[in-house]
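I opened this entry to look up confidence, domains, cysteines and one loop residue. My notes are in the order I checked things.

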Amino acid sequence: MANRTAKDASTIRGTNPQYLVEKIIRTRIYDSLYWKEQCFGLSAEDLVDKGLELRYVGGIYGGNVKPTPFLCLCLKMLQLQPDKDIAVEFLRQEDSKYIRALGAIYLRLTLDNVEIYKYLEPLYNDYRRLRFMNKQGRFELVHMDEFIDYLLREERYCDIQLPRLQKREALEEAGQLKLYVSALNADIDRATSSEEEDNMEERRKKERPKLVSRRPGRDRSRSRDRRRDREDRRDRDRRDDRDRRDGRDKDRNREKSKKSKEEEEQEIKEANEIRAKLGLAPLQR
């Protein structure tokens, strides 16, 4: 039958590989249109073409619990159980991020603890965005490194109960894994060193001693002399301003007196012209 596991497939963790997906989810996948139309008669080689057609990841969605094509292909890989080299080749496909995610979840389900860390941890350096369909049938954005982190830390992801994974610290203590070195360690070290340098500089500025004069009496006399000089300059400036104002006032008074004399002469002249026309004697100045 189309839903049976391949005859040459070996058991994983003592059970049929398809049983790693819960029965109710398997039933929904078997009844889905995508499984019947796209996954029927698929071979391990044809899985690559179907994986390249993926456009999002996810588990089940909607009120009637529909499986995503990603979940259907994951079950198909468990059913066919392709060679590990094929699944590892999925991880090396840098052009297709969704087929890389498909290979990652398959290896998480089928490999042992040490190999899971060995093959999945390098994908922490992949920061590409993935479309993830949630249970409401809406798309969310996750990054590839987040996707890998969920596979390594969560107990359930994409509606699949993930097999128990031993802690990395325990494998390091047992000598089965080397100490993990993140690609961000160099950036973190540079940032911390720059912060330490800034703190040291601030500490030096605070600890720098203040200059204290050894001759306070002379400093007081100097400040007193400077104060007197400032007061003298202020007095001189006030006197100069007063003299300038007085000079301006005198100039104005002279101009006014000159104008008044000219006006008076002009009035007398006009009056004499009128008196001459009338045959009267002129006015004396």
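The notes below begin with confidence and end with a single aspartate.

Confidence. I am working from a predicted model. I looked up the pLDDT and found an average of 84 for the protein, with 90% of the residues at 70 or above. By element, the lowest mean is 73, for helix α10 (residues 185–207). Strand β1 (residues 57–58) has the highest, at 96. I remind myself that predicted coordinates should not be read in detail where pLDDT is low.

Domains. I noted that the assignment gives domain 1 as 17–165 and domain 2 as 178–206. I then looked up the distance between the centres of domain 1 and domain 2, which is 39 Å over C-alpha atoms.

Cysteines. I searched for sulfur pairs within 2.5 Å and the count of disulfides is zero. For C72, the nearest cysteine sulfur belongs to C39 and lies 5.5 Å away. C72 has a relative accessible area of 0%, so I list C72 as buried. For C158, the nearest cysteine sulfur is that of C74, at 8.1 Å. C158 is also buried, with 5% relative accessibility.

D126. I located D126 in the loop that runs between α7 (113–120) and β4 (129–133). Is D126 buried or exposed? Its relative accessibility is 8%, so I enter D126 as buried. The D126 side chain makes a polar contact of 2.9 Å with the side chain of R128. Leaving out residues up to four places away in sequence, I find that D126 touches R100, M144 and D145.

How values were computed:
Residues are numbered from 1 along each chain as its sequence is written. This is a predicted model: local features need pLDDT of at least 70, side-chain atom pairs count only at pLDDT 80 or more; totals for chains, interfaces and linings use all residues. Side-chain values use heavy atoms; hydrogens and water are left out. pLDDT is the predictor's confidence in each residue, from 0 to 100. Helices (H or I, at least four residues) and strands (E, at least two) are DSSP runs, numbered from the N terminus. Buried means under 20% relative accessible area, exposed over 50%, partly exposed in between (1.4 Å probe, protein chains only). Domain bounds come from an automatic or database domain assignment. A polar contact is a pair of N or O atoms within 3.5 Å; within protein, one must be able to donate a hydrogen and the other to accept it, and residues adjacent in sequence count only if both atoms are side-chain atoms. Contact means heavy atoms within 4.5 Å.
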